[in-house]
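Trainee: I have this model open on my screen and would love your help with one spot in it. Could we take a close look together?

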Amino acid sequence: MAAGKFLIGNGAGFSGDRVDAALPVVRTLIARGLPSALFFEVLGERTVALAQLAYQKDNNAGYEPMLERLLSPVLELCLEHRIPIIGNFGGANPSGAARCISDLAKELGLKSPCIGIVEGDDVRGLDLQQYPVFEADAGIDTFGGEIIAANAYLDAQPIAQALTSGADIVVTGRTGDPSLALAPLIWHFGWSQHDWDRLASGSVAGHLLECGAQLAGGVFFDPGYKDIPDPANIGFPIAEVDADGSLLVTKADGTGGRVSVASVKEQLLYEVHDPACYITPDVTIDMTNIKLTQEAPNRVRVSDVRGRPRPEQLKVTISHDGGWLGEGEVSVAGPNCRARAMAMADTLRERLKIRQLPVRSRIDLIGLGAVHDNDAGDLTREHSAADPLEIRVRIAAAGSRQEDVDQAAREALAMLCCGPAGTGGARWSTSRRVATRSCLVPRDDVPARAVLLEDIT
Amino acid sequence: MIEVPLHEVAHGRAGDKGNRLNISIIPYHADAMPSLAGQLTESRVLEKFRHRGATAVRRYDLPRLSAFNFVIDDVLEGGVNTALNLDGHGKTLSFFLLSMSVCVDRAFLVPGSAWARGDGC
């Protein structure tokens with residue numbers, strides 16, 4: 001078993017994250033002079049389905065659209081300093097993403113990297129009706145409609161295998177988010193598949209890091225209550241892990257933000273239900289005994305992580321066509337804008353009745369409580385705030401046909417000439433939706449594996 | 001004792017899974033845990049989110065971390081794939097819970113709180 005610490009850095013927490021965040025992380029990993037790895041988490045729950053739709057249109061698409069922008073600042077440094085890069089940039093097309101990285105290396109004049117690809121998360125070939133439903137969106141016709149995508153959350157093992165095979169970069173599709181960080185620890189320290197406490201510790205490292213800036217002040221700062229320095233340059237996180245699973249979290253040197261006990265607590269509980277039973281494909285984590293200690297500025301020790309056996313089944317997310325969403329917005333401003341916005345909302349509701357469009361709709365008065373309100377607008381009606389400087393009125397409509405939701409959204413546009421006084425700045429758009437449900441599938445039905453790009457081309 | 005929005009005493013973060021939301025509530029002062037536990041009951045939090053169609057609330061207490069974790073069912077109007085709400089993930093709903101009124105010892109207010117000199121309750 002290798003001695004000494006291993007460092008894991010995170011370069012992105014979602015598709016759409018800051019593309020200049022990874023470089024300070026990599027510079028810090030190099031400066032520490034310890035063995036390390038860098039991971040990117042860019043694949044949201046629905047993203048695979050949207051990537052699958054992109055792939056159906058174009059076989060050279062269907063992977064992370066910002067892939068080159070994310071990797072070009074750090075690829076040369078990581079290859080030179082033997083820092084493996086792991087990312088779920090694969091989306092619906094992991095081999096396409098691998099080829100893109102290979103081409104990027106050529107463009108940058110680098111020697112050809114060894115790229116590993118994790119396959120097997122796409123389980124559309126299985127008869128998915130045989131498995132029990134785990135979760136479903138409200139109102140989903142569970143087995144109706146065409147399946148766009150069905151992907152299992154794979155565990156860390158195939159990534160660790162790819163690293164053992166010599167991969168400099170490992171591209172995955174759907175995989176457990178914490179598994180992206182756990183995999184290099186399994187590879188480096190040789191942790192057994194049943195060493196639950198260590199696997200739990202490594203998975204908590206991944207859980208804390210997988211949302212990037214959120215550990216160091218992103219989704220955290222609240223002026224006068226929870227201030228952080230330099231929010232325009234929040235440092236992305238780094239975990240320092242020992243062979244025995246000891247864990248400390250910190251962030252890139254020379255960056256903004258702050259890693260504190262408070263920020264780590266918020267991220268530890270992020271998207272957690274029962275803290276005694278946080279399930280990943282690799283291990284079941286018990287967070288209830290965890291102790292957090294500020295050892296130095298921006299350095300928080302995470303101790304007493306406990307693990308129990310992993311689940312026997314893997315979670316599979318199945319995505320169906322979810323129809324279309326249309327959105328239209330327009331502003332009203334100045335004296336009496338609240339009354340004018342209310343009148344516009346009533347007019348929009350009346351217009352939808354007159355048009356008889358087959359859509360489900362909602363009107364928001366943005367600035368008067370839209371995001372906390374329900375579809376009926378009850379909070380906004382009850383709340384008697386003073387007239388704000390301006391209000392943005394929004395219509396949202398969902399339906400099975402793009403044309404219907406587009407027509408509904410354009411009712412906001414029509415307000416430019418037909419609406420109340422002092423109305424301007426209309427925008428409208430339509431977007432495709434996916435509906436998801438999940439089921440639990442025995443591991444044996446999901447034969448995942450790692451291959452090297454050089455072996456399949 | 002003073003009546004203040006929960007935001008003066010605690011911070012927290014919301015995260016979604018399907019039509020279910022979790023909100024962590026973390027007091028600035030660990031000693032505020034027992035007082036808040038008595039006030040942030042599952043039924044009171046369910047009532048706070050009733051207008052959103054919430055059907056159940058489960059509270060998990062984490063004494064070692066000095067934190068609560070609330071899990072709220074059916075509060076996202078179908079979830080991010082179905083909701084018409086601008087914030088389909090419900091990320092801003094942590095601050096809706098933080099707007100709830102609580103009665104606390106002034107010593108538990110966030111340092112520098114403008115409410116420190118306010119009226120008692």
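How many other C-beta atoms lie within 10 Å of Asp304(A)?

Mentor: Happy to look! This is a predicted model, in which local features need pLDDT of at least 70 and side-chain atom pairs count only at pLDDT 80 or more, while totals for chains, interfaces and linings use all residues. Residues are numbered from 1 along each chain as its sequence is written, with chains lettered from A and ligands numbered from 1 in the order in which they are written.

Now to your residue: Asp304(A) has 14 other C-beta atoms within 10 Å, so it is partly exposed (20 or more would be buried and 12 or fewer exposed, with C-beta atoms placed from the backbone). Its place in chain A is the loop between strand E13 (299-303) and strand E14 (306-308); strands here are DSSP runs of E with at least two residues, helices are runs of H or I with at least four, and both are numbered from the N terminus. The backbone deserves a glance too, as Asp304(A) is not a glycine and yet has a positive phi of about 60°. Most residues other than glycine have a negative phi.

Asn336(A) also has a positive phi, near 65°, and is likewise not a glycine. The loop that holds Asn336(A) runs between strand E15 (313-333) and helix H10 (337-355) of chain A. Asn336(A) has 13 C-beta neighbours inside 10 Å and so counts as partly exposed.

For the wider setting, 43 residues of chain A are in contact with 34 residues of chain B, contact being C-beta atoms, placed from the backbone, within 7 Å. On the side of chain A that touches chain B, the elements supplying at least two residues each include helix H9 (261-268), strand E12 (291-296) and strand E18 (423-442). E18(A) gives the most, with four residues. By residue type, that side of chain A has 17 nonpolar, nine polar and 17 charged residues (Ala, Val, Leu, Ile, Met, Phe, Trp, Tyr, Cys and Pro are nonpolar, Asp, Glu, Lys and Arg charged, and the others, Gly among them, polar).

As for the partner, chain B has three helices and seven strands, in the order β-β-β-β-α-α-β-β-α-β from the N terminus. Of its 121 residues, 48% count as buried. The C-alpha atoms of chain B fill a box of roughly 45 × 30 × 20 Å along the principal axes. Among contacts in chain B between residues at least 6 apart in sequence, 63% join residues at least 24 apart.

Definitions and conventions. Contact = placed C-beta atoms within 7 Å.
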